[in-house]
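Trainee: I should like a close look at one part of this model, namely its pairs of oppositely charged side chains. Please explain where they lie and how open their surroundings are.

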Amino acid sequence: MKTENRKTLRGSVLFTVICVMALLIIFLTGTLALASASSNRAHKSYASSQASYTARAAIDAFVQSMEREAGIPAAIEDMGSDPLDVEMKLNDPSLGVIGSYSEGVWREGKIIIEPVANSDSYMYTDLDGNGAKWVAVNAVKVTATCRVGREEETASAYIRKTAATHNEQSPGGLDGLQEVGGNSFGNGGLITGGFGLGISKDATGLYVAHNQTTVETKSTFINGNLVIGTSSFEINIKNPVSESGVKLMPNSKTAIMGSVYVRDTKALVNLDYEMTSDYSQKDIPYLYIDQTIAGNAGLEIGRVRKNNAYANQKGKAPFNVFIGTLNCTKTINDIQIGGADLYLLDEYTPSEKYTVMYADRSYSVDELAKEDVSRSTTDDITGIVKGDNYFGKSSSSAVLYDWESSFIHKTDSQHKSTGGNLYSMGNLTLQNCTVNGEVRVNGDCTIKSGVTIKKDLIVKGTLTFDGGDTNSVQGKIYCDTVSGVSTTKEEAQIKPGYTEHRDELVDGYTIIPNASYNNDAVPETEYEFIQAEKKEEYGWKVGIVFPGATEPTILGWENDDYEGAPAKEFAIYAVGNKWTRNKPYYVTKYDGTVDHDDIIDSPVSRYKVDPNDIDTILDEPTDDEFSYYKLNENGTVGDPADKSDAVRTYYTNPAGEIVSQAEAFQNVTVGAFPAYSGSGKEPAYPASMTREAIYGKEDPDSHEFIPADSKTKLVKNIVEVRKELNMDKNGDYDENVYHNHVPKKFCTNASDDTFIDDPNDPLYNTAENKDQRNKLPYAYNADGTPNTSSGVWSGGKIIRSCIIGNPEDDTKAFTPNGNVNIQGSGEGIWIILRNVHTESKHNLDFLCDTSAGKVCFLIDGTLDISKTDIRPTVTGGGVQAYTSGCKVTPKSCWGIEYYGTEGSKIDMYQNECTLVGTFMCPNTTFSNKVQCKTPCKYVDEYGVERTNTQAPIVGSALFNKITDAQNSFGVLNSGGAGATNNTKKAYTAIGTYEISYFTGS
């Protein structure tokens, strides 16, 4: 089956957009059936509703075209005071006619964009990476009118550029999992959204992650030291996607404020993204380790991952690695970094040394501080001199890869780079290593054997060759003081009058853009996501049954390599008997039609065009964006040519004739090393990328932390993290946000003036005042039956704030008889869970209707549960129901919040449990050894589907600490208790725009 598709704009920027929207319109036939008894009125309702939906869909199509075509937002930015027209057509006349009015005249097939008078406003933000300032923004209005029969409806959207041009510069807040105290991940886990450890502590704590831990977050902040135990600890960085599927700029920032001990894992950071627009340093994802990293394993930081395959080589993945001191002699195996720039931040200070602490999986002391006597120091790595860096060593190698990108590193960025560079503020020794960019050293540098530096070496201090020689450096060496080699050398220089043409189009060739089509994604209902599985019938190996096959294909053991990735990670998208590794798309043929019988995993189909008539598209598929041709003597296009022939580095003599490299160059005896002083290469270490510039520093007298200047600041500090989490600079939380008791207005003694609920009142924490807290009726009798005379029940549901616990002795464990149904309303209701206990035999759930108001749980004592869910059950009011197999995204809202009294606990040790909502529990300890009871299909912000996730927490969480995290522990990041609104965002090549919709405008 074939249908017509839209051809992507090519050549000069065109603002007129042809949008075919047959697949975008919501058909209302099934819900607006015409009743024969009132057919005229019903038809009017149908026509009006269809017109309204079609008008809104027309604007949706325009917004999507903003994300696809860079010329459209650019035209909006430059439109001035005159309105713009957008041509828009519908394939199906029964859906209506799209148009607009201009001075009262109907214009079919055109929607209108016009500036909004007096809409100028200002926002204080850092739009360009040069520091925050007041920036003027204004709005435009897009209007579309649809006619269906004699009915007519109009929809409008107001579009305003927002503060976030490319990404969230400082993502944070209560996303994912945050812990104010310590933790121990005994068996790993999956963390999405955000990740914080030790937020209320100093930076001396020690945190252990054992077995398989996967972190896929916008912001990770570990305020202390980290031990990465056996198996794997991987930080995966990907491109987020918008609601309409447009790939956005990556926004992952990871900061570890102590040292890192790497035991067995290898890949620390995996890169699976590319820049989607021009970028500055503030847009580049990073790993920041304040002290050092060491261990007894090899290490890969910034490993490039494409299509589930690994390739340590150039990739479209600019990445920054900041480490205080790196000493490769303190690791056993090879180190590979990239594509990345590596910044070593410490100045050489021989009087100061780092110790990298180690602890095993059972280490879970309350404070997890450095001085804890229960931790053995036998395996600690000691004696790492601050600022004394070693890249590579005698027994193994190190590699620093560069990057490449189809987008440009902005010239106004604080430090422009193409990756693969090593910058050292202290001393640096190189041995058995390859650096694909420059090496810049503020201190002394020693070159031993086996070194390759592919660009320049710039040393402010003394450069010593000890086993290496000048051939180690393929670029130039700039240094004032050099020892160990001759001071002169033969250098090949281009002859006077000759010219080098680097990567230029050779005369006699031409370049022709190929035609590109945006492929239609296969709808979710049309494909099946199949994950490889470990099964007993496979001999406990991993296998998968491919579409059309009757027998499984055994891929190997869980961690065996299969097509460049562990077998357990292999997954496919099946459409009938066909399958793809990535999300499937229908192939768009050369004539613009969509072939629904042919699928690929690329969102774009490209075809060559007639080089003499570029509007004629040929039935010649290609993966390339351009084609190359020879030119005939008369200037017409001739035969096809390889890119390597058409675009290359070549040389011309003074007459302009192409000559060989050998003829263009001559050997000249020169000084071996240009001087560093006065070379224009100063400073050796870029001043805008020092620790003080990107993070901040401590005042030597007051010991107060001084943040970096906003123009160069890249790394978030602990004060900022605490502020985002509603804590003060010392890590104390705001009790008006993180409640440790039920707010006064919900209590039965709310009218008592002696009950003080203001944390700033000096009588707030007196014993007498604390005794007045949490005055609520008990919902149950001591035998577990509902107390129907309590006034909290209606229709079998709890409808008012109350206590679930034993009314006769609330220190005893209490179990309700059967499921607990709760109806939220208004500002919400509060349920105190006082020493509630469930066992597997109970199979008891807390089911919440949050469509009319949120439900807040206060954990008082211990919540000890098994085979229990706490989840919403009704969709509406901006929240969604959580049911088995439901689709969950980071924007899903639940309307359930959890709080905890001082010393409260949540224990899940027996059988499966699922807790849905937002945990705001800085006083609560969480312990978990179970999987979820009710699984979901989680689609993360990167568009990746996880159909077999067993994470017990769906939402976001802040706990005091986690003492156990085993058996598929994870946090599936999703929204809190807020309702939805009538806005969305369009993410374009030149910025982010906020869209506000209105009807009947």
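Mentor: Let us begin with a term: a residue is called exposed when its relative accessible area is over 50%, buried when it is under 20%, and partly exposed in between, using a 1.4 Å probe and protein chains only. The model is predicted, so local features need pLDDT of at least 70 and side-chain atom pairs count only at pLDDT 80 or more, while totals for chains, interfaces and linings use all residues. Residues are numbered from 1 along each chain as its sequence is written, and side-chain values use heavy atoms, with hydrogens and water left out.

Side chains of opposite charge can pair when their charged atoms come close. Such a pair is counted as a salt bridge when a side-chain nitrogen of Lys or Arg is within 4 Å of a carboxyl oxygen of Asp or Glu. The structure holds 24 of them.

Consider lysine 745, whose salt bridge partner is glutamate 827; their closest N and O atoms are 2.6 Å apart. This pair links distant parts of the chain, 82 residues apart: lysine 745 lies in the loop between α6 (718-724) and α7 (767-770), and glutamate 827 in the loop between β66 (820-823) and β67 (829-834). The α and β labels denote helices (H or I, at least four residues) and strands (E, at least two), which are DSSP runs numbered from the N terminus. Lysine 745 counts as exposed because its relative accessible area is 55%. Glutamate 827, at 56%, is likewise exposed.

A second pair joins glutamate 524 to lysine 937, with 3.1 Å between the closest N and O atoms. Here 413 residues separate the partners in sequence: glutamate 524 is in the loop between β43 (515-518) and β44 (528-531), and lysine 937 is in strand β76 (residues 937-939). With a relative accessibility of 35%, glutamate 524 is partly exposed, and lysine 937 is also partly exposed, at 21%.

A third pair consists of glutamate 352 and lysine 386, whose closest N and O atoms are 3.3 Å apart. Glutamate 352 belongs to strand β26 (residues 349-356) and lysine 386 to strand β27 (residues 381-386), 34 residues apart. Glutamate 352 is partly exposed at 38%, as is lysine 386 at 22%.

Finally, salt bridges may also form a network, as Asp290, Asp346 and Arg691 do.
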